[in-house]
There are 2 protein chains.
Amino acid sequence: MNKTLLNVTVILLSYVTLPAGEWVSLFDNKTLDGWTQKGGKAHFTVEDGAIVGIAVKNTPNSFLCTEDIFGDFILEFDVKQEGKCNSGVMFRALSHADYRNYRVHGYQCEIDPSERAWTGGIYDEARRGWICRPQHNPKVKDAYQYGRWNRFRIEAIGDKILTYVNGILVSYLCDNMTSEGFIGLQVHSVGSHGKAGDRIMWKNIRIMTDDLPPVADDADILIRNHIPNTLCVAEKTQGWELLWDGKTTKGWRRAHEAEFPEQGWKIKDGVLTIESSGGGESKYAGDIVTTEEYSAFELQLEFKISEGANSGIKYFVTEGYGMKVGAGSAIGFEYQILDDKNHPDALEGTAGNRTMASLYDLIPSKKVVIGREISRKPGVWHHARLIVTPCGKIEHWLNGFKVVKYEKGSPLMDALIQLSKYKDWKGFGKWESGHILLQDHGDEVHFRSIKIRDAININ
Amino acid sequence: MNKTLLNVTVILLSYVTLPAGEWVSLFDNKTLDGWTQKGGKAHFTVEDGAIVGIAVKNTPNSFLCTEDIFGDFILEFDVKQEGKCNSGVMFRALSHADYRNYRVHGYQCEIDPSERAWTGGIYDEARRGWICRPQHNPKVKDAYQYGRWNRFRIEAIGDKILTYVNGILVSYLCDNMTSEGFIGLQVHSVGSHGKAGDRIMWKNIRIMTDDLPPVADDADILIRNHIPNTLCVAEKTQGWELLWDGKTTKGWRRAHEAEFPEQGWKIKDGVLTIESSGGGESKYAGDIVTTEEYSAFELQLEFKISEGANSGIKYFVTEGYGMKVGAGSAIGFEYQILDDKNHPDALEGTAGNRTMASLYDLIPSKKVVIGREISRKPGVWHHARLIVTPCGKIEHWLNGFKVVKYEKGSPLMDALIQLSKYKDWKGFGKWESGHILLQDHGDEVHFRSIKIRDAININ
């Protein structure tokens, strides 16, 4: 069976022949029976068959929450906004005395009428923050239409969480932090996110909890999988493979050598760690490279830096420059990893081209400021994404934002390289393929969920 | 009447109510009566109601030509190719003793089955070469389908020449070099352009010469107008304006001064010339700038360099750097104009970033080699095109090819500028708007057909 036919069959199976449960309404169109307010003091009422939330000054985020608890479900509802107050719908949400004095926390499907348009993204309220940013998928930006009724659908089944806005898949998240909780309609505190009197309306709120159909096992958007070192079926459908198995050194070796380093690199609890050795460049443990070489690919990984740390992800690494082990890091393009605030190298180089996620010493990463600057801080996991298309278009992404783009071998890059210190490396930047490298710069840095796929079909 | 309604009305008028003449067949489906072969010895015959041209070794370009002469007309025909021999259809073509011993010359609608896919472009055979390159309009690249029958339409009415391939407008040319001539079916000499035995077939060849409908006065492709310092109606529809009127100094002044230079710049016969003064930078005549400033725009002009000449088109020129008249050229981005072969500056700078059409001293222009390198030589008119979109995406074009692209204010440009000599000019490359400048570098260079339009709607 060819793949298209297979996909059609899967779709038919999903939507036609598989069992699906019954819908249960969560709102009786007249009263707030079954709902309880938590958090702030925004005003919730019922008007014309819709729940209306009205923003109020000087009160924190407010939530109108179901009294019932839901684990696996499909939830659908309509939303319309008058005024640009931020909103969202919590699910599998929690509130208890021993977590920040009953602070409502957990998954939230964002409703975002502002210019950034992150509606349908998934925010981990009062916990991890953004865990599925819609900017990975720019074409879904316009799924939500401010000022009219919009249909939302949230599928939370096992560790798969999908959001649809007006029929368009916006988020595909794999996560297993919370398996059940209440549903909560948010009215955000106002100030930068709206103003007093802004109204958010919900209606046709219904849920299915039994005989749930399976979630889609293909998707044309980036899947964010927070379960370390795993691939869900939909990721496999997209061609992703683990570049590190989470347990062994398989597929990796020391740069310029046949074996994995004997010291300095540690594998524990699904985390690959380069240990601190005093900040020297590839002196103690040494860089590690993939045994394979890659030319057109998409790479994802998560990394966590210690305070003041320096490291990097190099690509198109060639060992043909004749450098010896211990003579410094192997040569290639570098996705810089750095604690910008606490490492002096952030201020070196040119125009900021040694800061986090920059193409090291060549192209500064774009500093993304939306409200506040997107976090690059030590001690938390960050998401790196790297795309190299077959025609040499290259992008660096950090935590859901494209921060560097360039064309390998373009006249512009020729000039930039010739003006940089890399001019002394013959053929620098002209490589057809190379290894992927994780850098030992003598500082403690953690890696996990290293995944790669062929980018052969990306233009 | 709003503009859309007006356009609809114009279309209705064009296609429904205006008179249109009668079609006359140029081929009787059986014989070559009315046709005469000129040029090389390729074989022409009739098979199954089609004229078949068959490529033959060791003979120059061959043409099967009408015995009749046509001036204004609409010509339609079908073409199919077997084998990748280059071909085309001549029109308003000439052949006489006093031009290269009867060499067939004049307009040719290209038929190009090769990878470059220039079918529908207009080549001035044995005269000026390419005068309307389809690469200006990348989306028309796939209009022609090799191996099947394709419908061509050529409208040559007054000084407007339009070609359509399978209903898609590929070329919109304004030119007045030749007003009448024969029609000729080309079989190219073979070698790099095909091989012996390659077949080109034409059928359903018909022409209309009376009661011709008017040509389209709008077009969504770049119009190439070779009539100096004029705008055709379709260019005006696209928003083009003359930035120089072809006669006076109106709209221009010396950089840093209120008046046009008293010496060194000459206006004669529709050509604006900076005279030779020994190669100094802005020393004798001085640069001239537009009185207006521009932020998002598209610019076209034609230029002709003398041997060894240096000049440039600067944009985003600000006079706020406090330079004085005579202290060198005013500061801005520069579309370099240079005789690469004969001026030593071509070898200076970095990675070729001082060659013709480069962003001077920053980004090298791409050297376009298709068969041979596209001409940049002295003594002939070249076509420059410059696009600055509202979001700062900038392109330099030379003779129909995009040779430089970059984003104003991007981190990449920040780094490149900081690594270049421009780092000493505060705010270089961050300008919101500026003048357009033609540079006096002490060498004779000619300009004409300087046109500009708002790029407010280009992304």
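**View 1. The contact between chain A and chain B.** Chain A and chain B bury about 1500 Å² between them, and 79% of that area lies on carbon and sulfur atoms. Buried area here is the accessible area (1.4 Å probe) that two parts lose on being put together, summed over both. On the chain A side, P411(A), L412(A) and L419(A) lose the most area to chain B, together 38% of what that side buries. This is a predicted model, in which local features need pLDDT of at least 70 and side-chain atom pairs count only at pLDDT 80 or more, while totals for chains, interfaces and linings use all residues. To find your way around, note that residues are numbered from 1 along each chain as its sequence is written, that chains are lettered from A and ligands numbered from 1 in the order in which they are written, and that side-chain values use heavy atoms, with hydrogens and water left out.

**View 2. Two copies laid on each other.** A turn of 180 degrees and a shift of 0.1 Å along the axis lay chain A on chain B with an RMSD of 0.1 Å. The two copies are thus related as by a two-fold rotation axis. The same surface serves both of them, as 100% of the contact residues of chain A recur in chain B. The superposition is by least squares on the C-alpha atoms of residues with pLDDT of at least 70 in both copies. Contact (heavy atoms within 4.5 Å) takes 17 residues from chain A and 17 residues from chain B.

**View 3. Charged and polar pairs across the interface.** Between chain A and chain B the count is two salt bridges, a salt bridge being a side-chain nitrogen of Lys or Arg within 4 Å of a carboxyl oxygen of Asp or Glu. Look for K405(A) and E407(B), whose side chains meet in a salt bridge (2.9 Å, N to O). On the chain A side, the elements that give two or more residues are β29 (401-407) and α3 (411-418). The largest share, six residues, comes from α3(A). Helices (H or I, at least four residues) and strands (E, at least two) are DSSP runs, numbered from the N terminus.

**View 4. A salt bridge between distant parts of chain B.** Which residue forms a salt bridge with E235(B)? The partner is K451(B), with the closest N and O atoms 2.7 Å apart. E235(B) sits in helix α2 (residues 233-237) and K451(B) in strand β31 (residues 445-454), 216 residues apart. E235(B) is buried, at 0% relative accessible area, and K451(B) is buried at 2%. Buried means under 20% relative accessible area, exposed over 50%, and partly exposed in between (1.4 Å probe, protein chains only).

**View 5. D124(B) and R127(B).** The side chains of D124(B) and R127(B) meet in a salt bridge (3.0 Å, N to O). Are the two partners buried or partly exposed? D124(B) is buried, with a relative accessible area of 0%, whereas R127(B) is partly exposed at 25%.

**View 6. The surroundings of D361(A).** D361(A) is found in the loop between β24 (331-338) and β25 (369-370) of chain A. This residue is buried, with a relative accessible area of 9%. Leaving aside neighbours within four places in sequence, D361(A) is in contact with G349(A), N353(A), R354(A), S420(A), K421(A) and Y422(A). A polar contact of 2.5 Å joins the side chains of D361(A) and R354(A). A polar contact is a pair of N or O atoms within 3.5 Å; within protein, one must be able to donate a hydrogen and the other to accept it, and residues adjacent in sequence count only if both atoms are side-chain atoms.
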